[in-house]
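Trainee: Could we take a close look at one part of this model, its interior, and work outward from there? I'd like to hear how the hollow spaces and the packing around them hang together.

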Amino acid sequence: MTAQQARPALELVDVRKSFGPVEVLKGISAQVAPGETVCLVGPSGSGKSTLLRCVNLLEVPTSGTIRVEGEEITAPQVDLNALRARIGMVFQHFHLFPHLTVRRNITLALTRVRKLDKDQADEVAELQLSRVGLGQFADRRPAALSGGQQQRVAIARALAMEPTVMLFDEATSALDPELVKGVLAVMRDLAGTGMTMLVVTHEMGFAKEAADRVMFLESGQVVEEGNAHELLTDPRTDRLRRFLSQVL
């Protein structure tokens, strides 16, 4: 194994985050290997989304260190644009520009951040839209798409930047139940292709099938972690057992 292969794609060391007097993350340390899918599960308010937002510095950790492929992104004066090109993020809500076509929603960052010309950006957009099954919708506006289709456009937009790590923050929670399946299918496909993924989800079926590992958070701490299928089938702690009994 080479040094690069051995190096984590993502590493967190004693990451803490406080909002005023409230400490939301209480010293989280974790590693995500290249190509690994890790699901963060836990009750509302456990710090899952805050942790995800710290990874791409939408929230700046109060203390601790975060590294992407060995590079410390919590270092002073980090280039945020370059950082966010390496860390794709898909939110609960789609954050698409309603006045732009689907294609232009994807090519905007490609031309402004990656400095691709229009033809190159269009080619990347078409490739990623085909990847999520939406190649025929490139020239439509977001309002003409269902919520599930809009979320798949958001995934394509993130993938177009060729990120090292993909973050998903409850990517299906804003969708009607019948639209969830298509988004989860795209995420399963990504996991199967070896994309490094950190996923906040309440979809335990997805976590059991697609994740390599699960981390169960409560009160800003990792209470239990391990192989996804084993942990969700036979949890070791009473607390995780109770949580699963409520969400399954």
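Trainee: Before we go inside, what is the average pLDDT of the protein chain, and what percentage of the residues score at least 70?

Mentor: Keep in mind that this is a predicted model. The protein chain has an average pLDDT of 91, and 98% of its residues reach at least 70. Confidence is highest in strand 1 (residues 10–19), with a mean of 97, and lowest in helix 1 (residues 3–6), with a mean of 56.

Now the interior. There is one cavity of 30 Å³ or more, and the largest cavity holds about 50 Å³ of space. Its lining consists of Leu 10, Leu 12, Ala 30, Val 32, Leu 40, Leu 51, Leu 198 and Met 215. Strand 1 and strand 2 (22–32) are the elements that give two or more residues to that lining. Sort the lining by class and you get eight nonpolar residues, with no polar and no charged ones.

Let's move to the packing. Nonpolar side chains in soluble globular proteins tend to be buried together. Here the largest nonpolar core has 54 residues, and those touching the most other members are Ile 155, Met 166, Phe 168, Met 187 and Met 197. Zoom in on Met 166: leaving out residues up to four places away in sequence, it touches Gly 88, Val 90, Ile 155, Ala 158, Leu 159, Met 195, Thr 196, Met 197 and Leu 198. Another core, of 27 residues, lies apart from that one, and Val 32, Leu 40, Leu 57 and Val 165 are among its members. You've met Val 32 and Leu 40 already, in the cavity lining. Leu 198, a contact of Met 166, is in that lining too.

Leu 57 deserves a stop of its own. Its place is the loop between helix 2 (48–55) and strand 4 (63–68). It isn't a glycine, yet its phi is positive, about 65°. Buried means under 20% relative accessible area, so Leu 57, at 11%, counts as buried. Set it beside Glu 69, in the loop between strand 4 and strand 5 (71–72). Glu 69 is another non-glycine with a positive phi, about 50°, but its relative accessibility of 34% makes it partly exposed.

Not every buried residue in the interior is nonpolar, so take Thr 37, which is buried at 0% relative accessibility. Thr 37 sits in strand 3 (residues 37–41). Again skipping residues up to four places away, Thr 37 touches Ala 191, Met 195, Met 197, Val 199, Ala 210, Ala 211, Asp 212 and Arg 213. Met 195 and Met 197 are on the contact list of Met 166 as well.

Glu 224 is another one to look at, in strand 10 (residues 221–227). With a relative accessible area of 4%, Glu 224 is buried. Its contacts beyond four places in sequence are Val 214, Met 215, Phe 216, Leu 231, Pro 235, Arg 236, Thr 237 and Leu 240. Met 215 brings you back to the cavity, since it is one of the lining residues. As for Pro 235, it is eleven residues from Glu 224 along the chain, with 8.6 Å between the C-alpha atoms.

Now work outward to the largest pocket, about 680 Å³ in volume. It is lined by 23 residues, with Arg 84, Met 89, Ala 109, Arg 157 and Met 161 the closest to its centre. At least two lining residues come from each of helix 3 (80–86), strand 6 (87–90), helix 4 (102–112) and helix 6 (147–160). By class, the pocket lining has 14 nonpolar, six polar and three charged residues.

Two of those helices lead back inside. In helix 4, the buried residues are Val 102, Arg 103, Asn 105, Ile 106, Thr 107, Leu 108 and Leu 110, and they pack against helix 5 (118–131) and helix 6. Helix 6 includes Gly 147, which is buried with a relative accessible area of 19%. Gly 147 touches Phe 94, Leu 175 and Leu 179, with residues up to four places away left out. From Gly 147 to Ala 174 is 27 residues in sequence but 8.2 Å in space, C-alpha to C-alpha.

Technical notes:
Residues are numbered from 1 along each chain as its sequence is written. This is a predicted model: local features need pLDDT of at least 70, side-chain atom pairs count only at pLDDT 80 or more; totals for chains, interfaces and linings use all residues. Side-chain values use heavy atoms; hydrogens and water are left out. pLDDT is the predictor's confidence in each residue, from 0 to 100. Helices (H or I, at least four residues) and strands (E, at least two) are DSSP runs, numbered from the N terminus. On a 1 Å grid over the protein atoms alone, a cavity is a set of points where a 1.4 Å probe fits but cannot get out, and a pocket is an open set with protein on both sides within 12 Å along at least five of seven lines; lining residues have an atom within 4 Å of a point. Grid points are joined across faces, edges and corners, and a volume is the space filled by probe spheres set on the points. Ala, Val, Leu, Ile, Met, Phe, Trp, Tyr, Cys and Pro count as nonpolar, Asp, Glu, Lys and Arg as charged, and the others, Gly among them, as polar. A nonpolar core is a set of buried Ala, Val, Leu, Ile, Met, Phe, Trp, Tyr and Cys residues joined through side-chain atoms within 4.5 Å. Buried means under 20% relative accessible area, exposed over 50%, partly exposed in between (1.4 Å probe, protein chains only). Contact means heavy atoms within 4.5 Å.
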